[in-house]
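Good morning, colleagues. I would like to take a few minutes of our meeting to present one structure and to discuss its pockets, its charged pairs and its cysteines.

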Amino acid sequence: MSSLKLDKSYLKLFNNLENPPKELFYKGNLSLLNMPKVAIIGSRKMSVYTKNCVLELASLLKNVGVCVVSGGALGVDIIASKAAMPNTIGIFANGLDKIYPKNNEYIIKEIYEKGLALSENYDNYTPKPYDFLLRNRLIIALSQMIIIAQADLISGSMQSARMAIRINKPLFVLPQRIYESKGTNALLSENKASLIADFTDFASKFGKVENKNTDELLEFCKKGVSLEQALAKFGQRVYEYELEGKIQIDGVFIKVIN
């Protein structure tokens with residue numbers, strides 16, 4: 001199905017930009033525009049640690065009624081949307097009849113059907129490199145808060161950070177190793193961003209977080225999952241939990257130790 005043109009009344013959401021969009025096209029659920037919105041963006045080449053952090057944080061935000069805004073790119077963006085589904089808005093540089101990047105096709109189609117997709121460009125438009133920077137400004141403008149999960153010093157995410165600072169959007173970053181995310185660590189050292197030291201506390205800004213003491217990894221393993229499934233979702237944390245005696249890996253299966 002072709003995209004629809006967004007009613008002009010919604011364009012006021014972008015009035016804090018010097019160059020707000022003249023028109024926008026959409027597919028999906030427009031009611032998401034009325035929810036609290038937080039952007040989660042970052043590196044296409046994220047670490048396993050960052051991936052797990054984004055999955056946990058986006059899921060917590062979804063559960064307190066927040067809509068996660070991102071750009072549908074490889075890495076942090078698409079993982080954030082996946083974890084927040086259906087409470088997610090994807091903003092794309094391409095026309096919405098195209099799927100880009102193709103590697104994310106399954107989740108992008110899910111955004112079209114269950115979340116909300118927005119684009120400044122008509123359906124069959126093929127984006128130029130500068131269109132991705134223009135797309136980023138829409139992500140920043142639409143969101144009440146901006147979280148940069150991981151970023152190199154020279155990156156699109158850092159350009160987005162500068163834009164957020166320029167239009168006075170609260171900027172947050174995740175705890176990272178000193179050399180693994182030089183961009184976000186620089187933002188911290190220069191007092192340009194705040195650290196999210198506790199994901200539950202951050203989500204509590206928007207509503208009550210249920211089951212604060214529930215361990216997501218243990219709850220997942222109680223469902224009778226395979227080692228492969230657990231590693232795909234939680235990475236090396238699975239082996240850390242085995243060393244700590246919280247779970248037992250028995251061949252290809254996992255048993256939670258009570």
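I shall take these three topics in turn. Please bear in mind that this is a predicted model.

I begin with the pockets. The largest pocket has a volume of about 690 Å³. Its lining comprises 26 residues, and those nearest the centre are Leu55, Glu56, Ser59, Asn63 and Glu216. Two or more lining residues come from each of helix H1 (48–63), helix H2 (76–84), helix H8 (216–221) and helix H9 (227–234). Of these, H1 provides the largest share, with 7 residues. What is the chemical character of the lining of the largest pocket? It divides into 13 charged, 8 nonpolar and 5 polar residues.

The second largest pocket holds about 350 Å³ of space. It is lined by 21 residues, with Gly42, Ser43, Arg44, Gly156 and Ser157 closest to its centre. Helix H4 (129–142) and helix H5 (156–166) each contribute at least two residues to this lining, and H4 gives the most, with 5. Here the lining consists of 9 polar, 6 nonpolar and 6 charged residues.

I turn next to the charged pairs. Side chains of opposite charge can pair when their charged atoms come close. The count for this model is 11 salt bridges, and I shall describe some of them. Glu110 and Lys114 form a salt bridge with an N to O distance of 3.2 Å. These two residues lie 4 apart in helix H3 (residues 105–114), so about one helical turn separates them. Lys114 is partly exposed, at 44% relative accessible area.

Lys102 pairs with Glu105, their closest N and O atoms being 3.9 Å apart. Lys102 is exposed, at 54% relative accessibility, whereas Glu105 is partly exposed, at 24%. Together with Lys109, these residues, Lys102 and Glu105, are linked in a network of salt bridges. Another salt bridge joins Arg177 and Glu180, with the closest N and O atoms 3.8 Å apart. In this pair, Arg177 is exposed, at 62% relative accessibility, and Glu180 is partly exposed, at 27%.

Finally, the cysteines. How many disulfides does the structure hold? The number is 0. Why does Cys53 form no such bond? The closest cysteine sulfur, in Cys221, is 18 Å from the sulfur of Cys53, which is too far for a bond. Both residues are nevertheless buried: Cys53 has a relative accessible area of 8%, and Cys221 has one of 2%.

Thank you for your attention.

Key: Residues numbered from 1 in each chain as written. Predicted model: local features only at pLDDT ≥ 70, side-chain atom pairs only at ≥ 80, totals over all residues. Heavy atoms only, no water. Disulfide = S-S within 2.5 Å. Buried < 20%, exposed > 50% of the residue type's maximum accessible area, 1.4 Å probe, protein only. 1 Å grid on protein atoms, 1.4 Å probe; cavity = no way out; pocket = protein on both sides within 12 Å on 5 of 7 lines; lining within 4 Å. Points joined across faces, edges and corners; volume = space filled by probe spheres on them. Nonpolar A, V, L, I, M, F, W, Y, C, P; charged D, E, K, R; others polar. Salt bridge = Lys/Arg side-chain N within 4 Å of Asp/Glu carboxyl O.
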